[in-house]
Amino acid sequence: MGAEQKFLVCWCACVCVCAQKRLWEGTEVGTNLADGASDNKVDHVHDTMQATDAPPSPPAKDQTQRFAFDERIWEATNVEINLVEDAPPIRDKEADEADHVLDTMQTQDFPPPSTAKDQFQEELVIKPLHSGDIYASFQFRTQWDTDFLEKHKFSHYRLFPKSLGQVISKFSVRELHISFTQGYWRTMQWGQPFLPSPPGAELWVWFQDTVTDVDLAWKELTNVLSGIFCASLNFIDSTNTVQPSASFKPLGVGNVTDQRFLRYAVLPREIVCTENLTPWKKLLPCGSKAGLAVLMKSEKLFHSSFHSQALHIRPVCKDWQCKSTSWELRQTLNVVFDLHTSGQGKREWSLFKMFSRTLTEACPLASSSKVYVDITDNPQGELFELSPATPLVSQAVVLGDGRTYSVYDLTDHATFGQTHSLNVLLRWRAAESGEMLRPLLHGERYVAGYGLQTGEIHTLVYNNHPYRAFPVLLLDTVPWYLRLYIHTLTVTSKGRDNKPSYIHYQPSKDRLQPHLLEMLIQLPPNSVTEVTVQFERALLKWTEYTPDPNHGFYVGSSVISALVPSVVAMDTNNTQERPLFSSFFPCKEESTYFMRIYTEPLLVNLPTPDFSMPYNVICLTCTVVAVGYGSLYNLLTRTFQVEEPSQGLAKRLANIIRRLRGVPLLT
């Protein structure tokens, strides 16, 4: 090979490496090899290198594709790009080798740009409560038009978290709902939340009907989610997992009703802290760097009366015809601030007082970013004053009631004003804000009885509607160490027996599965329905007790699901543009709306042995063994030697004198 040919191959290799690097970095490379070829081979390679290093500017009609390319929105990964199909051939053998290298470089697997099929929305709802507290609810929604079950269709994630996408694809998940809650939602003081959740950790999942071993997939899924959210979900096993038959129907699109593919578990003792909030925030497209997520300061969020963060994944309709579906990821965070106990002393509040931060911009990746302030009880401004004022007002039907909200659109730069910062401030003008209407549906739960052998669980369900009766579905999950006497189950309303129209009971198995009790009960108007059942406490093995057994054992909350009569007509068009906080649960009737509430968790004491007695026995036994065995060991292993006693001083002096006199020595 001549010097000219070697030089040609070297230049082609350099061009190949440079172009591959540019392709990896996502830089658009334009090559135009069809304009003509130079007779000189070295000049031809030199022209090719210059065309690679200095690409021509794209025409105006390609602005959309170039912007999409910069955003890196891809659909496929195996696409061949041939850039030199029209290049004239080089007849020499050495030049053919150079063309082969160049063709290899130009046929890299590189996806073409495409339009975005995902979108992101964020909302913050602030509601002054009648108790003087402040209720703040964050709503984040990411929607992606893709199919996770067909792995070859996608490989790039833009807005949707890749970790969750891989979980859905690997375990064939149809719906996933998980929540972490610290505190108990006080319904009689605060009203109904937008999205309820029980204290502790709750997880329920619908799997695809193609899953053969649901229990194995459930076990692996809980371990993966435990690592993603830094939680104790790996403690979920068969002893706290049930398969509800009617309570947890799919919230997304689909008619999967086979409860074999449903799993539900709750950990009422799970503690929620910063290590759970941090990975939750990292799932957002902008993280906590921009948008509403900048307000999520851990120091403020956990210094509150109630804190709950949740994540919901489900398939939803893509359009109003619902011919195709897309995946929806909804992240919610609900927090209740008690401004009196936090040292404020006044009912006035602002974003800075609650979160120690203000809003400066919307998330750049969000198509919608809004702040809603509930002004339903302040139609003429006689109760409080909202600053800065906003002309945008929105009305929505929330939990069967019409509400009015002042709206701050963060995508509009005029919202931030000259200070480039938004700090919503509310000043109260009246001392009292009126009485709160009692919730139509409410539930309570407690344990009765005395001693450590038997007891009784009481569940109270309130129907506060003055003239409407409606059915509710009650779900109770009781651990196996509380052995229920199902023949003692009684349901009474207004002093009379109320026979459930549907009962599903799954008995427990010691150390294998818990009790599951589901009942469909008709609640009379303006009544209190009491459900009682007796139980017997089991005696655990000493290795099954917790490190603090005298604290007690937690029993998960009861779940009450119902279609509650609505005060105003509900909107049954689920595809219409509505605020996120009012469009989670699907609505099929104008006269009713779906509601799910949770009761308090129970704390039950079990017969606990005196764990100090084993300690005392161990100490005494070890002492006896040490003394007895030590003495015997010394006797068996020591060797004894006889030593002659040494002569005294007087005897030695006498022997010296006797030796001098020639007398026999003393012995």
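**Exercise 1. Find the partners of strand β4, and trace one row of residues across them.**

*Solution.* Start with β4 and strand β6 (residues 262–267), which pair in the antiparallel sense over 6 bridges. Strands here are DSSP runs of E with at least two residues, helices are runs of H or I with at least four, and both are numbered from the N terminus. Two strands pair if DSSP finds at least two bridges between them.

This is a predicted model, in which local features need pLDDT of at least 70 and side-chain atom pairs count only at pLDDT 80 or more, while totals for chains, interfaces and linings use all residues. Residues are numbered from 1 along each chain as its sequence is written, and side-chain values use heavy atoms, with hydrogens and water left out.

Next, take valine 205: its bridge partner in β6 is arginine 263. Valine 205 is also the β4 partner of leucine 176. That brings in strand β3 (residues 173–182), which pairs with β4 (residues 200–207) in the antiparallel sense over 8 bridges. Then step to β7, which runs antiparallel to β3 and is joined to it by 7 bridges. There, leucine 176 stands opposite isoleucine 313.

**Exercise 2. Place these strands in their sheet, and say which strands stand at the edges.**

*Solution.* First write down the order: the open sheet has 11 strands, β5-β6-β4-β3-β7-β8-β2-β1-β10-β13-β12, with mixed pairing. Now look at the ends: β5 (241–242) and β12 each have a single partner strand, so one side of each is left without a neighbour in the sheet.

For β3, add the burial count: 9 of its 10 residues are buried. Buried means under 20% relative accessible area, exposed means over 50%, and partly exposed lies in between (1.4 Å probe, protein chains only).

**Exercise 3. Check the length of helix α7 and describe its two ends.**

*Solution.* The expected span is 1.5 Å times one less than the number of residues. For the 16 residues of α7 (residues 214–229) this gives 22 Å, and the end C-alpha atoms are 22 Å apart, so the two agree.

At the start of the helix, a side-chain oxygen of aspartate 213 comes to within 3.5 Å of the backbone nitrogen of aspartate 215. After the helix comes cysteine 230, with a positive phi near 55 degrees. To finish, list the buried residues of α7: Val214, Ala217, Trp218, Leu221, Thr222, Leu225, Ser226, Ile228 and Phe229.

**Exercise 4. Classify the ring pair of tryptophan 190 and phenylalanine 306.**

*Solution.* Begin with the rule: rings of Phe, Tyr and Trp (its six-membered ring) pair if their centres lie within 6.5 Å; planes under 30 degrees apart count as stacked, over 60 as edge-to-face and the rest as tilted. The structure holds 21 such aromatic pairs. In this one, the ring centres are 6.4 Å apart and the planes are at 65 degrees, so the pair is edge-to-face. Tryptophan 190 belongs to helix α6 (residues 187–190) and phenylalanine 306 to strand β7 (residues 306–317), so the pair ties together parts that are 116 residues apart in sequence. Both tryptophan 190 and phenylalanine 306 are buried.

Elsewhere, ring pairs link Phe120, Phe138, Phe140, Trp280, Phe337 and Phe355 into a cluster.

**Exercise 5. Look for unusual backbone geometry: which peptide bond is cis, and are serine 172 and histidine 420 buried or exposed?**

*Solution.* Most residues other than glycine have a negative phi, and most peptide bonds are trans. With that in mind, go through the loops one at a time.

- Serine 387 and proline 388 are joined by a cis peptide bond, with omega about -5 degrees. Proline 388 is in the loop between β11 (384–387) and β12 (393–398).
- Serine 172 is not a glycine, yet its phi is positive, about 55 degrees. It lies in the loop between α5 (162–171) and β3, and at 16% relative accessibility serine 172 counts as buried.
- Histidine 420, also not a glycine, has a positive phi of about 55 degrees. Its loop runs between β13 (401–409) and β14 (425–428), and histidine 420 is exposed, with a relative accessible area of 58%.

Conventions:
A polar contact is a pair of N or O atoms within 3.5 Å; within protein, one must be able to donate a hydrogen and the other to accept it, and residues adjacent in sequence count only if both atoms are side-chain atoms.
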